[in-house]
Amino acid sequence: QVQLVESGGGLVQAGGSLRLSCTASGRASNSYTKAWFRQAPGKEREFVAAISTSGLNTDYADSVKGRFTISRHNADNTHWLQMNSLQLGDTAVYYCAADPRWPIETPSYWGQGTQVTVSS
């Protein structure tokens, strides 16, 4: 079993930045693919970014490419999502996720979610 705990959400003006963190615990969790998903009000949950165990491979949704960066530190079992140039459309609950597989499709483990609100 893997537990994931997010932090770092909040309210930010359009054009600003936020950094989300997710710390994992549990067996072998530092060898899993790590990812971020988000769910906006009235919409389905969608993929945002993923990073492989080694950190050498990353994947991003087209809507965030060039603005968001995913990274990880296996020794601390933590991964992050640096979000720059935030837009109103980035407002959502952000969930970190983990799964043994790459690429990640339907994660096996989810965090509880953290709210990100972008204001004009």
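Buried means under 20% relative accessible area, exposed means over 50%, and partly exposed covers what lies in between, with a 1.4 Å probe and protein chains only. By that yardstick Phe47 is partly exposed, at a relative accessible area of 23%.

A word on the ground rules. This is a predicted model, where local features need pLDDT of at least 70, side-chain atom pairs count only at pLDDT 80 or more, and totals for chains, interfaces and linings use all residues. Residues are numbered from 1 along each chain as its sequence is written, and side-chain values use heavy atoms, with hydrogens and water left out.

**The overall picture**

Let's start with the fold. The protein has 11 strands and zero helices, where helices (H or I, at least four residues) and strands (E, at least two) are DSSP runs numbered from the N terminus. The pattern along the sequence therefore reads β-β-β-β-β-β-β-β-β-β-β.

The C-alpha trace spans about 40 × 25 × 25 Å along its principal axes. Its radius of gyration is 13 Å, which agrees with the value near 14 Å for a compact globule of 120 residues; the radius is taken over C-alpha atoms, and the globule rule is 2.2 Å times the number of residues to the power 0.38.

Of the 120 residues, 46% are buried. Take the contacts (heavy atoms within 4.5 Å) with a separation of 6 or more: 55% of them come from residues 24 or more positions apart. The protein exposes about 6100 Å², and carbon and sulfur atoms supply 47% of that area; accessible areas come from the Shrake-Rupley method with a 1.4 Å probe, and for residues only the protein chains shown count as cover.

**The disulfide**

How many disulfides does a search of the whole structure find? It finds one, a disulfide being a pair of cysteine sulfur atoms within 2.5 Å. The bond joins Cys22 to Cys96, with an S to S distance of 2.1 Å. It links distant parts of the chain: Cys22 sits in strand S3 (residues 18-26) and Cys96 in strand S9, 74 residues apart. The torsion about the S-S bond of Cys22 and Cys96 is about 50 degrees, so the disulfide is right-handed. Cys22 is buried at 0% relative accessibility, and Cys96 is buried with a relative accessible area of 0%.

**The aromatic cluster**

Now for the rings. A pair of aromatic rings is described by the distance of the centres and the angle of the planes. Rings of Phe, Tyr and Trp (its six-membered ring) pair if their centres lie within 6.5 Å; planes under 30 degrees apart count as stacked, over 60 as edge-to-face and the rest as tilted. By this rule the count comes to four aromatic pairs. One of them is Phe37 with Phe47, an edge-to-face pair at 5.6 Å centre to centre with 80 degrees between the planes. It bridges distant parts of the chain, with Phe37 in strand S4 (residues 33-39) and Phe47 in strand S5 (residues 46-51), 10 residues apart. Phe37 counts as buried at 7% relative accessibility, while Phe47 is partly exposed at 23%.

Tyr95 and Trp110 also pair: their ring centres are 6.4 Å apart and their planes at 90 degrees, so this pair is edge-to-face. Here strand S9 (residues 92-99) supplies Tyr95 and strand S10 (residues 109-110) supplies Trp110, 15 residues apart along the chain. Tyr95 is buried, with a relative accessible area of 14%, whereas Trp110 is partly exposed, at 32%.

Phe37, Phe47, Tyr95 and Trp110 form one aromatic cluster. Which rings have Arg45 over them? Arg45 lies over the face of Tyr95, at 3.7 Å from the ring centre, and its charged end also sits over the ring of Trp110, 4.5 Å from that centre. A charge sits over a ring if NZ of Lys or CZ of Arg is within 6 Å of the ring centre and within 35 degrees of the ring normal.

**Backbone oddities in the loops**

Two residues have a positive phi although they are not glycines:

| Residue | Phi | Loop | Relative accessible area |
|---|---|---|---|
| Asn77 | about 55 degrees | between strand S7 (68-73) and strand S8 (78-83) | 14%, buried |
| Ser85 | about 50 degrees | between S8 and S9 | 41%, partly exposed |

There is a cis bond too: the peptide bond from Trp102 to Pro103 has omega near 0 degrees. Pro103 is placed in the loop between S9 and S10.
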